[in-house]
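Visitor: I am new to this structure. Please take me for a close look at its aromatic rings.

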Amino acid sequence: MKLLLIEDDRSMQSALQRALSRRQIEVSLCEDGLQALSLWQERQPDVVVLDLSLPGLDGLHVLDRARRAGLRTPVLILTARGTIGDRVIGLNSGADDYLAKPFDLDELEARLRALHRRQQPALAAPTEARQALGDLEYDKDNGAFYLRGEVLDLSPRELTLLQALISRPGHAVSKERLFALVFPDDDTVQLEAIEVVVYRLRKKLSQAQVSLMTLRGLGYLLKAES
């Protein structure tokens, strides 16, 4: 995996470059927001790790310019600005995942590899390994979702949410249960944060022949459209 780390903290740069290199991840470094976009285009990384507080140009502006330039590389925002508002703004600006500092290195690696896997061409899987609902298919072997044969681009949280819902098609899954799965052991997030993930997932399923329904007092339900 080729990773572009856009981070201005030199000690953080060095620590992550050493640690991730030992895990077979090739790390390129950038510490200035104004230089980030050109380096991003030049290196064509598999995943970008982006800090928000950067000299020259704020991380959110870097992300916005990248998306406007057509760069679809998965982006994980890594920052000390970990409030719900910052997370929502980051995700709505085009980020694929969000991890607040301080963080666990194993969790960071797992999130990076999940983002990278979603970009890889999917191998054909045996029919019995796939679960279909409408024109949506879930491959139980590789954990990917397909919409009319194309891989559905989902953030790790959207993926976890959809996996939980498709495991019980036509049945309600409580908001509390989904929250525990999507935000495990994260005491900084409120229950209402699950609504943001549902909203984003519902938009990505808008062209699918499935409905993500809200059942007041019960939770959420995924069903095929008639």
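Guide: Here is a walk through the aromatic pairs, with one charge over a ring at the end.

This is a predicted model, where local features need pLDDT of at least 70, side-chain atom pairs count only at pLDDT 80 or more, and totals for chains, interfaces and linings use all residues. Residues are numbered from 1 along each chain as its sequence is written, and side-chain values use heavy atoms, with hydrogens and water left out.

A pair of aromatic rings is described by the distance of the centres and the angle of the planes. Rings of Phe, Tyr and Trp (its six-membered ring) pair if their centres lie within 6.5 Å. Planes under 30 degrees apart count as stacked, over 60 as edge-to-face and the rest as tilted.

The structure holds two aromatic pairs. One joins Y138 and F145. Their centres are 4.6 Å apart, with 20° between the planes, and the pair is stacked. Both Y138 and F145 are buried (under 20% relative accessible area; exposed is over 50%, partly exposed in between; 1.4 Å probe, protein chains only).

F179 and F183 make a tilted pair. Here the centres are 5.4 Å apart and the planes meet at 35°. F179 has a relative accessible area of 16%, so this residue is buried. F183 has 7%, so F183 is buried too.

Now for the charge. R130 lies over the face of Y146, 4.1 Å from the ring centre. A charge sits over a ring if NZ of Lys or CZ of Arg is within 6 Å of the ring centre and within 35 degrees of the ring normal.
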